[in-house]
Amino acid sequence: MSYYLVKIAVTTLLIVLISEIAKRSTLIGAILASVPIVSVLAMIWLYIDTRDIDRVSTLATSVFWLVLPSLALFIVLPVLLKQGLNFYLSLGAAIAVTVGCYWLMVYVLHYFGIKL
């Protein structure tokens, strides 16, 4: 149980740290947020938990393919905010578009025989 608490604490601490840094410098916050910290942590935790390099490799490949549709959020959100839409409405719409992009990516990859 303490191992899970360590995982939660480390992951939470990094997210809070990045958001606090972003308050002072959006550039540094963006750099830190763009580094795939969550993905790296997920791969570390998966390896520690399973010692299965094939699973880690599959996770890394899946993350690669799914980073592409996730970029929709970072395109749609600022466009909607600049149009004067409420933050939460903009965020919800950007997330909805991103979910649609994820679905489309998974469908296209499946069509071409790529399994995630």
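## Meeting the helices of a predicted model

The side chain of T50 reaches the backbone oxygen of L46 at 2.7 Å, a polar contact (a pair of N or O atoms within 3.5 Å, one able to donate a hydrogen and the other to accept it; residues adjacent in sequence count only if both atoms are side-chain atoms). Before going further, a quick word on what you're looking at. This is a predicted model, where local features need pLDDT of at least 70, side-chain atom pairs count only at pLDDT 80 or more, and totals for chains, interfaces and linings use all residues. Residues are numbered from 1 along each chain as its sequence is written, and side-chain values use heavy atoms, with hydrogens and water left out.

Let's begin with the start of the chain. Helix α1 covers residues 2–24, and helix α2 covers residues 26–34 (helices are DSSP runs of H or I with at least four residues, numbered from the N terminus). The α1 and α2 axes are 6 Å apart and make an angle of about 155° (axes are lines fitted to C-alpha atoms over the stretch in contact, and angles between N-to-C directions run from 0 to 180 degrees). So α1 and α2 run roughly antiparallel to each other (an angle over 145 degrees).

Who touches whom here? On the α1 side you'll find I18, I21, A22 and R24, and on the α2 side T26, I28, G29, L32 and A33 (contact means heavy atoms within 4.5 Å). Sorted by class, the contact of α1 with α2 has six nonpolar, two polar and one charged residues (Ala, Val, Leu, Ile, Met, Phe, Trp, Tyr, Cys and Pro are nonpolar, Asp, Glu, Lys and Arg charged, the others polar). A30 also has its place in α2. A30 and S19 sit 11 residues apart in sequence, and their C-alpha atoms are 9.4 Å apart in space.

Helix α1 has another partner, α3. The angle between α1 and α3 is about 170°, and their axes lie 11 Å apart. That makes α1 roughly antiparallel to α3. From α1, the residues Y3, K7, V10, T11, L14 and I18 take part, and they meet I37, L41, W45, I48 and D49 of α3. The contact of α1 with α3 counts eight nonpolar, one polar and two charged residues. I18 turns up in the list for α3 and also in the list for α2.

T11, in helix α1, is a handy residue to follow. Leaving aside its neighbours within four places in sequence, T11 is in contact with L41 and W45. The C-alpha atoms of T11 and L41 are 7.5 Å from each other, with their positions 30 residues apart along the chain. The side chain of T11 also reaches the backbone oxygen of K7, at 2.8 Å.

Next comes the α3 and α4 pair. Helix α3 covers residues 37–50 and helix α4 residues 53–82; their axes come within 9 Å and cross at roughly 160°. That makes α3 roughly antiparallel to α4. In α3, the residues S39, A42, M43, L46, Y47 and T50 are involved, meeting R55, V56, L59, A60 and V63 in α4. This contact of α3 with α4 divides into eight nonpolar, two polar and one charged residues.

T50, our opening residue, belongs to helix α3. Setting aside neighbours within four places in sequence, R55 is in contact with T50 and L46. R55 itself is found in α4. Its C-alpha atom is 16 Å from that of L66, which is 11 residues away along the chain.

In the loop between α3 and α4 you'll meet R51. R51 isn't a glycine, yet its phi is positive, at about 55°.

One more stop in α4 is S70. Its side chain reaches the backbone oxygen of V67 at 2.6 Å. Apart from neighbours within four places in sequence, S70 is in contact with T98 and Y102.

Here's how accessible some of these residues are (buried is under 20% relative accessible area, exposed over 50%, partly exposed in between, using a 1.4 Å probe and protein chains only).

| Residue | Relative accessible area | Class |
|---|---|---|
| S70 | 16% | buried |
| T11 | 25% | partly exposed |
| T50 | 30% | partly exposed |
| A30 | 43% | partly exposed |
| R55 | 48% | partly exposed |
| R51 | 57% | exposed |

Conventions. Helix = DSSP H or I, 4+ residues; strand = E, 2+ residues; numbered from the N terminus. Parallel < 35°, antiparallel > 145°, perpendicular 65-115°, else oblique.
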